[in-house]
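Reader: Hey, I've just opened this one and I'm new to it. Mind walking me through a few things?
Author: Sure, go ahead and put it up.

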Amino acid sequence: LMSADEAASIVNAESRSPIVLVCEHASHHVPDAYAGLGLDAEAVRSHAAWDPGAGAVAEAMSALLNAPLVRSNVSRLVYDCNRPPEAPDSIPAKSELIEAPANANLSTAERQARIAEVYEPFRALLTRTIVGRGPALPAIVTIHSFTPLFFGVERSVELGLLHDTDDRLARAMLAAAPDFTSLKAALNEPYGPKDGVTHTLKEHALEAGLLNVMIEVRNDF
């Protein structure tokens with residue numbers, strides 16, 4: 001069994017920043033116990049297994065902002081920490097064109113084991129980090145990347161600023177974006193709440209009324 005530290009870790013833990021950064025798809029690591037999930041080496045390093053570049057962007061932001069960063073250390077094909085346990089794609093058997101044979105036909109016990117080993121330690125660490133900021137609860141900023149092509153269709157957006165029912169921070173960032181970047185920015189592109197991607201924001205920010213945003217950078221940038 002993995003330890004909690006293997007499943008998730010924190011960068012800049014001593015920071016008292018009013019921002020908490022999150023990267024749920026920072027790693028393509030598949031622990032030995034999962035025997036590679038039946039994937040070949042190319043699939044394990046593909047965007048199906050992680051968000052290429054997102055971890056590096058998140059770590060750079062952590063340094064620039066002197067903010068804590070909570071990251072998953074396990075591939076989202078083992079368990080996607082930006083999905084609740086009841087979501088079918090929390091342990092996807094297929095991601096775009098890539099199949100994960102070991103994820104097909106999992107028993108309830110096998111699913112529960114992955115939830116306990118990967119999701120719960122990540123969730124607990126993020127909760128402790130947010131609560132540990134003190135009385136002035138922080139803004140929650142999650143960092144992701146997306147592919148220029150999806151099912152063969154080119155995406156025109158280069159920087160996505162995603163929100164669920166609270167759009168305050170996303171809209172403020174969209175308004176400010178032209179002053180900081182030439183990337184073509186848009187709200188809730190190339191994904192949005194309808195795609196089930198705002199779980200972390202809902203779980204850790206919306207109920208507490210915290211400012212929040214999900215940043216998606218096209219991975220060729």
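Reader: Let's start with R123. Which side chain does R123 meet in a salt bridge?
Author: That would be E120, with 3.7 Å from N to O. Keep in mind that this is a predicted model.

Reader: Why are R123 and E120 separated by about one helical turn?
Author: Because the two are three residues apart in helix α4, which covers residues 108–131. As a general point, an α-helix has 3.6 residues a turn, so residues three or four places apart point the same way.

Reader: Is that pair buried or exposed, or partly exposed?
Author: Partly exposed, in both cases. R123 has a relative accessible area of 31%, and E120 has 32%.

Reader: Where is the kink in α4 centred?
Author: On A116, and the kink is about 35 degrees.

Reader: And which residues of α4 are buried?
Author: Quite a list: R114, I115, E117, V118, Y119, P121, F122, L125, L126, T129 and I130.

Reader: What covers them?
Author: The cover includes helices α1 (4–7) and α6, along with strands β1 (8–11), β2 (19–23), β3 and β6 (139–146).

Reader: Does α4 feed into a core? I mean, which elements give two or more residues to the largest nonpolar core?
Author: First the core itself: it has 29 residues, and L37, L39, V78, Y79, F122, L126 and I140 have the most contacts inside it. The elements giving two or more residues are β2, α2 and α4. The largest share, seven residues, comes from α4. In general, nonpolar side chains in soluble globular proteins tend to be buried together.

Reader: You mentioned L126. What is L126 in contact with?
Author: Setting aside neighbours within four places in sequence, L126 is in contact with V20, V22, V70, T200 and H204. There is also a second, separate core of 19 residues, which includes A67, V141, I143 and L187.

Reader: Switching over to α6. Is L201 buried or exposed?
Author: L201 lies in helix α6, residues 199–206. L201 counts as buried because its relative accessibility is 1%, and the cut-off for buried is under 20%.

Reader: What does L201 touch?
Author: Leaving out residues up to four places away in sequence, L201 touches I140, T142, L162, H163, L206, N212, V213 and M214. I140 is also one of the residues with the most contacts inside the largest nonpolar core.

Reader: New topic: how many disulfides does the structure hold?
Author: Zero.

Reader: Why no bond for C23?
Author: Because the closest cysteine sulfur, in C81, is 11 Å from the sulfur of C23, too far for a bond. A disulfide is a covalent bond between the sulfur atoms of two cysteines, and the cut-off used for the sulfur atoms is within 2.5 Å. From the other side, C81 has C23 as its closest cysteine sulfur, again at 11 Å.

Reader: Are those two cysteines buried or exposed?
Author: Buried. C23 has a relative accessible area of 0%, and C81 is at 1%.

Reader: Back to salt bridges. How many are there in the whole structure?
Author: A search finds 10. One of them joins D51 and R76, whose closest N and O atoms are 2.9 Å apart. That pair links distant parts of the chain: D51 sits in the loop between α2 (41–44) and α3 (54–65), R76 in the loop between β3 and β4, and they are 25 residues apart.

Reader: Buried or exposed, that pair?
Author: D51 is buried and R76 is too. For R76 the relative accessibility is 15%.

Reader: What else does the R76 side chain do? Which side chain does it make a polar contact with?
Author: With the side chain of H25, at 3.0 Å. A polar atom of the R76 side chain also lies 3.2 Å from the backbone oxygen of A48. Beyond neighbours within four places in sequence, the contacts of R76 include S27, H47, W50 and P92.

Reader: Last one: which residues are linked in a network of salt bridges?
Author: D80, R83 and D89. Within that network, the closest N and O atoms of R83 and D80 are 3.8 Å apart, and both R83 and D80 are buried.

Terms used
Residues numbered from 1 in each chain as written. Predicted model: local features only at pLDDT ≥ 70, side-chain atom pairs only at ≥ 80, totals over all residues. Heavy atoms only, no water. Buried < 20%, exposed > 50% of the residue type's maximum accessible area, 1.4 Å probe, protein only. Polar contact = N/O pair within 3.5 Å; in protein donor to acceptor, adjacent residues only side chain to side chain. Contact = heavy atoms within 4.5 Å. Helix = DSSP H or I, 4+ residues; strand = E, 2+ residues; numbered from the N terminus. Salt bridge = Lys/Arg side-chain N within 4 Å of Asp/Glu carboxyl O. Bend = angle between axes of the 7 residues up to and from the residue. Core = buried A, V, L, I, M, F, W, Y, C linked by side-chain atoms within 4.5 Å.
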